[in-house]
Amino acid sequence: MGKKGKEAARERREKRRREVTLLRAVPYEPHHRWWDGLAPPPPPPGRAVAVVTGANRGIGYEAARQLATHGLHVVLTSRDAARGRDAAEQIRAAAGEPGVSVEWRRLDVTDAASVDGFAAWVEHTHGGVHVLVNNAGVNFNRGADNSVEFAEQVIETNYFGTKWMIDAMMPLMITSPHGGRIVNVSSRLGRVNGRRNRIGDPSLRERLLNDDHLSEELINEMVMKFLEQTKQDNWSSGNEWPQMYTDYSISKLAVNAYTRLLARRLSDRPEGQKIYINCFCPGWVKTAMTGWEGNISAEEGADTGVWLALVPQEQATIGKFFAERREISF
């Protein structure tokens, strides 16, 4: 892309950014606030329950804050108990009104016992959940770096952690005419056919994009093959994998593929038992994960995920990828 093309793309992004800012300021109409007055009422009475993972800072914190401000009861989770407690207190203090309902809970999405214990607590305390936002994730690369030193931790947290949370929480999704909501935080870096960052193997690209070939086994085989090559130190030969933030990109590619796979499995659910699962890219956000080098705020980055969680049932989609409140390609 030449200088003029980059300038045009930047102008388009800024225009859409301004549009979404205006959309975010529009309050939900009472008849669109499906999360109000649900029955049977979970504690606190009449509120939908939303779980947000990795929510002690950044995009997760903002998603939790915005959902709580809209009137949901938010369970904010964090690996670090003190940071989770502080984040919940900050949300309550910033709201300045008693109606905001948020609590914190310690959760490590890479620890099976932690995930199972959390699910048991949710069932006992709230009877289930209406919204799950899978935000917990890691990325150890900055700038031009592309180390795979922590690839196993990145894949385990970003992909397997998301998968384990869905497996644990999906049986607890409270059915209603509005449908349960699962929102996976992903990235454009995980697109199969990204212009500058994509899978090099045409056969693998085709299988990942073909619903008839896509399977959990295929996704798992892909990430395990990559991890094995990182151990053998031959992962970078042949341009088989994305060339930018490779471990992070593959983890998000797996999340995107798993979102599509689950959507296919969930699409046949009858009315009243629907679960709408989608993923979104928050953009390049000024958070600790990007070394504060992003170009948009965490508030802006969380917006599309919150929008997907709250969109009225008649507008709800399943198995799609979004950015700036618009569908984008996988």
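This is a short dialogue on reading a few features of a predicted model.

Me: Let's begin with the sheet. How many strands does it have, and in which order do they lie?
Reply: As background, strands of a sheet pair through backbone hydrogen bonds, either parallel or antiparallel. Here 8 strands make an open sheet, ordered β3-β2-β1-β4-β5-β6-β7-β8, with mixed pairing.

Me: Which strands stand at the edges?
Reply: Those are β3 (101-106) and β8 (326-328). Each has a single partner strand, so one side of each is left without a neighbour in the sheet. As for twist, neighbouring strands are turned by 25° against each other on average, direction ignored.

Me: In what sense do β2 and β3 pair?
Reply: β2 (residues 73-78) pairs with β3 in the parallel sense, over 6 bridges. If you want a place to look, find histidine 73, which stands opposite serine 101 in β3.

Me: Now the helices. Which strands does α8 lie across?
Reply: Helix α8 (residues 246-266) lies across β5 (180-185), β6 (275-280) and β7 (321-323), and it runs at about 160° to β6.

Me: And at what angle do α5 and α8 pack?
Reply: For a helix pair, look at the angle and the distance between the axes. α5 (residues 151-169) packs on α8 at about 20°, with the axes 8 Å apart. Angles under 35 degrees count as roughly parallel, so α5 is roughly parallel to α8. The crossing of α5 past α8 is right-handed. Among the residues making the contact are Val154, Ile155 and Tyr159 of α5, and Tyr248, Ile250 and Val255 of α8.

Me: Let me try a single residue. Is valine 285 buried or exposed?
Reply: Here the relative accessible area decides. For valine 285 that value is 2%, and under 20% means buried. Valine 285 sits in the loop between β6 and α9 (298-310).

Me: What does valine 285 touch?
Reply: Leaving aside residues up to four places away in sequence, valine 285 touches Ile59, Thr290, Gly294, Ile296, Ser297, Ala298 and Gly301. You can also compare chain separation with distance in space: glutamate 299 is 14 residues away along the chain, and its C-alpha atom is 9.1 Å from that of valine 285.

Me: Last one: how many disulfides are there?
Reply: The test is whether two cysteine sulfur atoms lie within 2.5 Å. The count comes to 0. Take cysteine 279: its closest cysteine sulfur is in cysteine 281, and at 9.6 Å that is too far for a bond. Cysteine 279 is buried at 0% relative accessibility, and cysteine 281 is buried at 5%.

Note on methods. Residues numbered from 1 in each chain as written. Predicted model: local features only at pLDDT ≥ 70, side-chain atom pairs only at ≥ 80, totals over all residues. Heavy atoms only, no water. Pairing = 2+ DSSP bridges. Helix = DSSP H or I, 4+ residues; strand = E, 2+ residues; numbered from the N terminus. Axes fitted to C-alpha atoms, helices over the stretch in contact; angles between N-to-C directions. Contact = heavy atoms within 4.5 Å. Buried < 20%, exposed > 50% of the residue type's maximum accessible area, 1.4 Å probe, protein only. Parallel < 35°, antiparallel > 145°, perpendicular 65-115°, else oblique. Left-handed = near helix turned anticlockwise from the far one by under 90°.
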